[in-house]
Amino acid sequence: MPGVITNFASLHDVELCAHAAAGERRAFGELARRHGSAVRYLLRRMGAQPAEADDVAQDAFMAAFERITEFRGEGTFVGWVKKIAARLYLRRLQKARRLAALAEAEAGGFEAGPAADADKRIDLDEALKGLAAAERMCVSLCFGAGLSHQEAAEALNLPLGTVKSHVKRGLDKLRARLAPPASAVSAGSRGNV
Amino acid sequence: MSEIDFDRRLERLFAETPELPDGAQFAAGIERALSRGWTARRWLIGAAGVVGGVIGAGQLFASGLFARVESAGQSARVLSEGLAQVTSGADMVSALSGGLGPWIAGGLAILTLAFALSRVIEEI
């Protein structure tokens, strides 16, 4: 069991997890301080409203504390909590019968295509708003929460093929939206000559 | 940009999240919630321990153990009368061997069982 420590800020996540597993709640508080925003952002990107995202993120951290001994340090701590949070959010949607509505939701404001606003650099959050809810959810689960297509399909209770096509369509739209400005591309290629 | 490059870029973008302005507040809320949960758990464990202790002591009473202690107390009283001439400490032995003895033993049994049960539940 780790010794008594008063300053947790200098410790690595895995060490903090060991302290948390020994019942040290301040160590877990430090983990929440470090990674709380990342988990909350992921939930917002999945489509949760900020208040709901915060609720689910808090539940996810509480669940992570309860199950901290299951974390073996094989992946990152934040990745582990993100998966817990994503699944909790999906369960909440399912309970409120909002999950089925996801698949029927319409796409957002822009179409995929090479000419779609490529010169205007926008951030990921803005780009995600242009995806249909199901595409946004699938892309966020696979690229934000680190779930495989199979895991996402199971979590969403959707056929694997459906998840794959949501991801594909979502990526096509994001690629068009997040493409580097044409001027940057040409400058880059000039630099390589 | 190749598909793999774009996938990696997207993963990076998802991983790069700015700190939310109320990040410290959020973490403090989690620490508070954990402390609340811990306090509630300690009370529950303590209550479960006391209930278990009372039940255990009740079983001891029902099994007639204290009647046997009482009869042993009679023997102790005879012994203490002999010892009374040697030391005044024998008064205590005499008091314990009287009517108070079983109650003190019962109380101690409740405390011991409550403590033991609390420890066991906490370990579980």
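Among the elements of chain A, which has the lowest mean pLDDT and which the highest? In this predicted model, helix α10 (residues 182-192) of chain A has the lowest value, 47, and α3(A) has the highest, 95.

**Confidence along chain A**

Chain A as a whole has a mean pLDDT of 83, and 79% of its residues reach 70 or more. Two stretches stay under 50. One of them covers residues 109-121 of chain A, for which the model has 20 contacts beyond four places in sequence. The other covers residues 187-193 of chain A, for which the model has zero contacts of that kind. Where pLDDT is low, the predicted coordinates should not be read in detail.

**The two chains**

The table sets out the make-up of each chain.

| Feature | Chain A | Chain B |
|---|---|---|
| Helices and strands | ten helices, zero strands | five helices, zero strands |
| Buried residues | 43% of 193 residues | 13% of 124 residues |
| Contacts joining residues at least 24 apart, among those at least 6 apart | 63% | 77% |

Read along the sequence, chain A follows the pattern α-α-α-α-α-α-α-α-α-α, and chain B follows the pattern α-α-α-α-α.

**Where the chains meet**

The two chains touch through 21 residues of chain A and 19 residues of chain B. On the chain A side, the elements that give two or more residues are α2 (25-46), α3 (50-66), α7 (133-144) and α9 (160-178). Of these, α2(A) gives the most, with eleven residues. By class, the chain A side divides into ten nonpolar, five polar and six charged residues.

**Helix α4 and residue Leu42(A)**

Helix α4 (residues 77-95) of chain A has 19 residues, which at 1.5 Å a residue should span 27 Å; the end C-alpha atoms are 27 Å apart, in agreement with that expectation. The buried residues of α4(A) include Phe77(A), Trp80(A), Tyr89(A), Leu90(A) and Leu93(A), and two lysines, Lys82(A) and Lys83(A), are also among them. Just after α4(A), Arg97(A) takes a positive phi of about 55 degrees.

Leu42(A) lies in helix α2 of chain A. Why does Leu42(A) count as buried? The cut-off is 20 or more other C-beta atoms within 10 Å, and Leu42(A) counts as buried because it has 30 C-beta neighbours inside 10 Å. Not counting residues up to four places away in sequence, Leu42(A) touches Lys82(A), Ala85(A), Ala86(A), Ser140(A), Gly144(A) and Ala145(A). Of these partners, Lys82(A), Ala85(A) and Ala86(A) are themselves buried residues of α4(A). The C-alpha atoms of Leu42(A) and Leu141(A) are separated by 8.7 Å, although the two residues are 99 residues apart along the chain.

**The packing of α7 and α9**

How are α7(A) and α9(A) arranged, roughly parallel or roughly perpendicular? The two helices pack at an angle of about 95 degrees, with their axes 8 Å apart. Angles of 65 to 115 degrees count as roughly perpendicular, so α7(A) is roughly perpendicular to α9(A). From α7(A), the contact is made by Ala134(A), Glu135(A), Arg136(A), Cys138(A), Val139(A) and Cys142(A). From α9(A), the contact is made by Val163(A), His166(A), Val167(A), Arg169(A), Gly170(A), Leu171(A) and Leu174(A). By class, this contact has eight nonpolar, two polar and three charged residues. Both α7(A) and α9(A) also belong to the elements that give two or more residues to the side of chain A that touches chain B.

How values were computed
Residues are numbered from 1 along each chain as its sequence is written. Chains are lettered from A and ligands numbered from 1 in the order in which they are written. This is a predicted model: local features need pLDDT of at least 70, side-chain atom pairs count only at pLDDT 80 or more; totals for chains, interfaces and linings use all residues. Two residues are in contact if their C-beta atoms, placed from the backbone, lie within 7 Å. Helices (H or I, at least four residues) and strands (E, at least two) are DSSP runs, numbered from the N terminus. Ala, Val, Leu, Ile, Met, Phe, Trp, Tyr, Cys and Pro count as nonpolar, Asp, Glu, Lys and Arg as charged, and the others, Gly among them, as polar. The expected span of a helix is 1.5 Å times one less than its number of residues. A residue is buried if 20 or more other C-beta atoms lie within 10 Å of its own, exposed if 12 or fewer, and partly exposed in between; C-beta atoms are placed from the backbone. Axes are lines fitted to C-alpha atoms, for helices over the stretch in contact, and angles run from 0 to 180 degrees between N-to-C directions. Angles under 35 degrees count as roughly parallel, over 145 as roughly antiparallel, 65 to 115 as roughly perpendicular and the rest as oblique. pLDDT is the predictor's confidence in each residue, from 0 to 100.
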